[in-house]
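These are my notebook entries on a few local features that I looked up, one after another.

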Amino acid sequence: MRYIRPLSIEDAVGQLAGSAGTAAILAGGSDLLVRMKGGFGEPELIVDIKAIDGLSEIRETAEGFSIGAAVPCAVLGENTDLKKAWPGVVEAAKLIGSKQVQGRCTIVGNLCNASPAADSVPALVAAGAKAVVVGPAGRRTIPVQSVPTAPGKTSLAKGEIIEAILLDKREPRSGDAYLRFIPRTEMDIAVVSAGVNLTLDEHGVVKSARVALGAVAATVLLVEEAAEVLIGSRLDEATLERLAKVCAGACRPIDDKRGTIEFRRKVAGVLAQRAATSAYARAGGK
Amino acid sequence: MNFDPRFSGRKFTSVGTRPIRPDGIDKVTGRARYGADFNMAGQLVGRVLRSPHAHARIVKIDTSKAEKLAGVKAVITAADLPDLTDGDAAMYDVLDNCMARTKALYDGHAVAAVAAIDARTARQALKLIEIEYELLPHVTDVDEAAKHTAPLINDAIFTEGLEEKPVKPSNVTKRSQFGHGDVHQGFGQADFIVERSFKTEQTHQGYIEPHACVANFSSDGTADLWVCTQGHFVYRQHCAQLLGMEASKLRVTSSEIGGGFGGKTHVWAEPVALALSRKAGRPVKLVMTRDEVFRASGPTSATSIDVKIGARKDGTITAAEATLRYSCGPYAGSWAEIGAMTAFACYKLDNVKTVGYEVLVNRPKTAAYRAPSAPMAAFAVESAVDELAKKIGMDPVDFRIKNAAQEGTRSSYGPVYGPIGIGPTLEAVKSHPHMKAPLGKNQGRGMACGFWFNFGGQTCTDLNIGMDGSVSLAVGTVDVGGSRASLSLVAAEELGIDYSQVKAIVADTSSLGYNDMTDGSRGTFSSSMATISAARNAIKILRERAAQMWDIAVDDVVWEKGHAIARGEKHGNLGKLSLKEIAVESGKTGGPIAGHSELVADGAGVSFATHICDIEVDPDTGATRVIRYTVVQDAGKAVHPTYVEGQYQGGAAQGIGWALNEEYIYGKDGRLQNAGFLDYRIPVCSDLPMIDTQILEIPNPNHPYGVRGVGETSIVPPLAAIANAVSNAAGVRMTHIPMSPPRILAAIEAEREWSK
């Protein structure tokens, strides 16, 4: 096993592209090291990206926020502007693992680990976040939901690294929220989760909406039908009822050790309702 | 031995205070040495290869490739642990469980082991061992396994305890029965009857420290073993027997222990580590991973229990009956029998009958878990008792008070009770402010009672007085819950000196006589008795030495508050002699001063507890939150109240985890799916409220200070108390533990459908 710590993204890309055997990117290591310790294989090359210039920063630009791939989730919670603009994304990142894990883990790692139960992903998908991908062929920007393709699999090509996550500048009267269901209070993995992102008009009517569900299919689901239910509403009881029904219907869950199909369907609807209500309040809706 | 263990009703100076424990600072600073913290020069890493199959015949094992790998120093299979058990069936099971002989009986069953120069080489070597398995049909569910059509796990087992000897083998190894009176007649007198079936899933003790040991087998045939255990003397016996050694040739030293709860009363890795060391000629360290702990140590039984209780309108129970099926893993056990004994132990019953069935399944061998078997029986019985109280229209506490066992009651399992605490704990609960506190929306309150026998057993203790007057106390019961502090208090009390003058240690197996394990809540009960006895023997010598120093008759010397005092008018001019003054002179008055004690601590007083619990249930998701929890339990006498409270809280915490989320989940393939703390959900700190405790002290007449064991009873009521609370909050009776959110939500939804 070889461990390297490149100083530039180009070097990192070059090393990954040129590696003959299995290679892994190390940021927080909260998935990689656990896998290695558990005996699930040892990569031949580990590329630690934490020393790369700029990757450990959150930048606020005219377009919004750029969150570097090596920024630990705990740092997201310490950025007041980001928290104010995207409270749902930050609360999702701050649910991963434990306090100690949050000091290491990153949202890019969470995305590229490609678990359908990843906490930050439904929030990022609901937020319409984009990923900046750097590879041998240059830079491209893609929507985050196109990164995971199946449990443990991503659309990234050999040599490609996600450099940063981009979040748009907020329109007025916007709010997002993320909720997950776990049997414990912390240190757990989502059985079902929901992220909702809303923008209201001056009258408190939902103008645009995005609804994402986690742990109910092989990848995080962006449920457009659920967004349509919300748009044009003030989140009255009938709307929420329909939202729950649509979300439950959109799920393609499985029975496993963490929950049953029926449980996941029902709770996906309940969480979507609660996340929508919270996002609506954050957007200033009454 | 002429030692009087009877309760004397004395006033205490040290006992009942709360000093800092002698092992505390090293534990919080990380200096304390646990099982994996021992190391030796030249030590090898031991690793175990485990069956991935639930049930398979081992056709062939080829270890030749592993043996050839550079850095591998020994590879062993069952052939290296030959059967020396000489017809001892229970020990044969232990041996087979340590290393599968002809069949792998569960996912995780050890089939081979290696010792290598490092962990990486050892892991590689395991991959090079080739095993040919012939897969056999398996069964993991207790009810399925009890059926006639179930795959047989051991075709040499015929159910014991039946009136006629069965002609066909069965997975049911034994039937046991307890009770008295005539239940049929009793149910005939009942105005109300509740009859229900319950299930509980298998849980693990969840101790944070995995099993770990270092074995060092010398070429002269003697060996040392450093190990994390609840009973190093028992480990010595078992390991010596399995390896064909004389017990005295194996010295076992117990490490600090990061939790045991019954799970460290059984050898798994230790004989394997010794066999590896014997073959390799070097020390071997063997530490289980968490995955191995879950798959291959000893969880508690999964159960299926039917209960029927009848009562008259006035609230008098007329008859009570239960049938209990407990899983044992693939080896015979007596788990259902204990469940059947404890089920109705809290009540005064004219007609009672319990029947237990021990059931073999393709799961790891069941081991003790804190008051083993009692929590599940209490869950079923106390749920039915609650329901019956409701049916009659009585308050659940009053209903229990009316039927509670008392001094003189013949218990449901046979013996007649002495002074007991079930009534007082119920009265204390009835007047506890918790019972009157208002409940919020979606919240429910539940309460339940629990019983545990407690145990005494063989105990040996040495008390040595140094020439500076300080006292070393060497005990043979492993300290799992603060017993070194408690026993130091007892030595200080008896000798009349300060706690700080006493230093207690757990001695190794070559330094002290045999001790039973720290199980059955016996650590402080039995070792305090032996400590009192040893201290009294030391006092006798101290008096003799004082008499010698004064040159008077020993009968004229009494021991009071740490001093020898000459009694009688003619000695009026003699001052008193302190323990230290006598100790300083000991070299001139006959040599070292010590007190020893070897005894069987009989008369462990039975213990009762009543718990109260408030739960909030989210009706839309089935999520639960424990809002408030109160434990009321009889301690006899709380030697160190802080550690008594710790035991009460710990039992409640484990019970909360068991009741709400913990369970072994097996796939259709018979493999354990959640062998880790992510998906085997013990509670984290934020899952628990502050657990309030109330210590009652109803002295045990068979202990000089009135002490009863306190460690186990606290896990008996929680499953039932929580189930009653959840049932009250959700408006539907919960009959399957754990009450995980999917189970609660499904029950709520079914109730909604039904009431439409």
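**Helix α8 of chain A**

I began with helix α8 of chain A in this predicted model. I found A:Ser120, A:Val121, A:Pro122, A:Ala123, A:Leu124, A:Val125, A:Ala126 and A:Ala127 buried in α8(A). I therefore noted the helix, residues 120–127, as mostly covered, since 8 of its 8 residues are buried, with 20 or more other C-beta atoms within 10 Å as the cut-off. I then looked just past α8(A), where A:Gly128 has a positive phi of about 70°.

**Hairpin in chain A**

I next followed strand β6 (residues 130–135) of chain A, which runs antiparallel to β7(A) and is joined to it by 6 bridges. I recorded the two strands as a hairpin, with 2 residues between β6(A) and β7(A). I looked up the bridge partner of A:Gly135 in β7(A) and found A:Gly138. For strand β7 (residues 138–143) of chain A, I counted 0 buried among its 6 residues, so the strand lies largely in the open.

**Open sheet in chain B**

I turned to chain B, where 3 strands make an open antiparallel sheet in the order β4-β2-β6. Why is one side of β4 and of β6 in chain B left without a neighbour in the sheet? I noted that β4 (103–104) and β6 (130–135) of chain B stand at the edges and each has a single partner strand, so one side of each has no neighbour there. I checked the pairing of strand β2 (residues 56–62) of chain B with β4(B), which is antiparallel over 2 bridges. In β4(B), I found B:Ala104 as the bridge partner of B:Ala56.

**B:Ser248**

I located B:Ser248 in the loop between α7 (232–243) and β11 (250–254) of chain B. Is B:Ser248 buried or exposed? I entered B:Ser248 as exposed, because 11 other C-beta atoms lie within 10 Å and the cut-off for exposed is 12 or fewer. I also noted B:Gln237, 11 residues from B:Ser248 in sequence and 9.2 Å away in space, C-alpha to C-alpha.

**Helix pair in chain B**

Last, I examined helix α19 (residues 641–660) and helix α20 (residues 718–730) of chain B, which pack with axes 8 Å apart at an angle of about 55°. I therefore described α19(B) and α20(B) as oblique to each other. I recorded their crossing as right-handed. On the α19(B) side I listed B:Ala652, B:Gly655, B:Ile656, B:Trp658, B:Ala659 and B:Leu660, which meet B:Pro718, B:Leu719, B:Ile722 and B:Ala723 of α20(B). By class, I entered 9 nonpolar, 1 polar and no charged residues for this contact of α19(B) with α20(B).

How values were computed. Residues are numbered from 1 along each chain as its sequence is written. Chains are lettered from A and ligands numbered from 1 in the order in which they are written. This is a predicted model: local features need pLDDT of at least 70, side-chain atom pairs count only at pLDDT 80 or more; totals for chains, interfaces and linings use all residues. Two strands pair if DSSP finds at least two bridges between them. Helices (H or I, at least four residues) and strands (E, at least two) are DSSP runs, numbered from the N terminus. Axes are lines fitted to C-alpha atoms, for helices over the stretch in contact, and angles run from 0 to 180 degrees between N-to-C directions. Angles under 35 degrees count as roughly parallel, over 145 as roughly antiparallel, 65 to 115 as roughly perpendicular and the rest as oblique. A crossing is left-handed if the near helix is turned anticlockwise from the far one by less than a right angle, and right-handed if clockwise. Two residues are in contact if their C-beta atoms, placed from the backbone, lie within 7 Å. Ala, Val, Leu, Ile, Met, Phe, Trp, Tyr, Cys and Pro count as nonpolar, Asp, Glu, Lys and Arg as charged, and the others, Gly among them, as polar.
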